[in-house]
Structures are given as structure tokens and as C-alpha cells.
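Here are a few exercises to work through with the model open beside you. Try each task before you read its solution.

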Amino acid sequence: MNFIPTKLSGCFILEPKIINDPRGYFMESFNEQTFQKGTGQEVHFVQDNQSFSTKGVLRGLHYQTGDHAQAKLVRVLQGEVLDVAVDIRPESETYGQYVAEVLSAENQKQMFVPRGFAHGFVVLSETATFFYKCDNFYNKASEGGFMYNDATLNIDWLLPQSDLLISDKDLVLPSLAEAKKVW
């Protein structure tokens, strides 16, 4: 497994070692010891989630706060997405900055999104199956989010605005500055 640090402290892109042969391939998608050695972080995952979406579906930017903050290890099982992590740790030197990476079933890349980050993705292929491991249980009362198109972030989601499908809930999220007031 190759662990590639991003410009955001604690956020990594993971490239697994893939063993191909005439039968197909084998890869180890997670190994706690290898992960801890490669990232320097001790994370114990407690919940797996999966979503299926069609092209243009944008999910995010979401986060959990306080005792319910979550770290996530995300990957794509089928299709292709642009995955985005935003540093929302107020004390961080990279507060308000983001990283974006194309994750796909073909490239098998994963992103580790530590606690203190907002997360979202948009589906670039006709369909995508997205999988993520979380190190804390979801808690509705601790859920937050901010607008995917916040002008201070200026995220290029790689698709035209007219092609995006966004939930009613996500369409009324506040700006990053307004969301920060309730942390």
C-alpha cells in the first residue's frame, strides 16, 4: 500500500498493491497495522456504509461534530467519483482548504478523511457504488454541512452546475462561514 500525504495534514490518498493474474485481481483494501504505520494515525473503524448514485449526484459537504466526529476511509467499488475533503479544524493552518481526488473502481485509490474535515463527492460515471468505513457511529444531532458551491472554497466539481443532482437538504445548507458559527 502506498500512502500519499495531501496538502492537508492527516488526509491521505491510498494506492493499494494490486495483484493481477488470469483469474482477475486481489488487493488488500485495509490492514490496521499497515494503515497505522503508513499514516501515523491510530484509527479503529466501527461502521461501514455504502451508497449507489447516478451521474451528477453530489453528496456533501457533510461532517459530524464533537464526540461524534468521524474519520472515514472511502473508496469506489464501481464507477468513478470526484471525492473532496475540506479541512474545518479551526486551529489548522489549512483551515478552509480542500483536496479533491478522482476515485474509481479502475484506479482503486482510496482517501482517508480524518476527523475535523467535511466530506463530499460527485459521481462522474453513469453510476457509482461508494463505500466508506467510519471510526465513529453516525449521530443525527451532531451532523452538519455547508454549501458545495461555497465561494470561499471555489471547488471545481468537474461537471456543469446544470448536471448536478443535489438533495433538498443539501441545497439549503449554510456557507462555510455561517456553519462555523455553530461548531
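**Exercise 1.** Which residue in strand 12 stands opposite Asn-49?

Some ground rules before solving: this is a predicted model, where local features need pLDDT of at least 70, side-chain atom pairs count only at pLDDT 80 or more, and totals for chains, interfaces and linings use all residues. Residues are numbered from 1 along each chain as its sequence is written, and side-chain values use heavy atoms, leaving out hydrogens and water.

*Solution.* Start with the strands, which like helices are DSSP runs numbered from the N terminus (E, at least two residues; helices H or I, at least four). Strand 5 (residues 47-54) pairs with strand 12 (residues 127-134) in the antiparallel sense, over 8 bridges; pairing takes at least two DSSP bridges. Along that ladder, Asn-49 faces Tyr-132. Next, look at the two faces: in a regular strand the side chains alternate between them. The covered face of strand 5 has Gln-47, Asn-49, Ser-51 and Ser-53, while Asp-48, Gln-50, Phe-52 and Thr-54 make up the uncovered one.

**Exercise 2.** Work out how Phe-45 pairs with other rings.

*Solution.* Rings of Phe, Tyr and Trp (its six-membered ring) pair if their centres lie within 6.5 Å; planes under 30 degrees apart are stacked, over 60 edge-to-face, the rest tilted. The whole structure has 8 such pairs. Take Phe-30 with Phe-45: the centres are 5.2 Å apart and the planes at 80 degrees, so call it edge-to-face. This pair ties together parts 15 residues apart in sequence, because Phe-30 lies in the loop between strand 4 (24-27) and helix 1 (32-39), and Phe-45 in the loop between helix 1 and strand 5. Now burial (buried is under 20% relative accessible area, exposed over 50%, partly exposed in between, with a 1.4 Å probe and protein chains only): Phe-30 is partly exposed at 25%, whereas Phe-45 is buried at 18%. Then try Phe-35 with Phe-45: at 6.2 Å and 65 degrees, that pair is edge-to-face too. Zooming out, ring pairs link Phe-3, Phe-30, Phe-35, Phe-45 and Phe-112 into a cluster.

**Exercise 3.** Why is there no bond between the sulfurs of Cys-134 and Cys-11?

*Solution.* Check the distance: the Cys-134 sulfur has its closest cysteine sulfur in Cys-11, 14 Å away, so that's too far for a bond. A disulfide needs the sulfurs within 2.5 Å, and the structure holds 0 of them. Finish with burial: Cys-11 counts as buried at 1% relative accessibility, and Cys-134 is buried at 0%.
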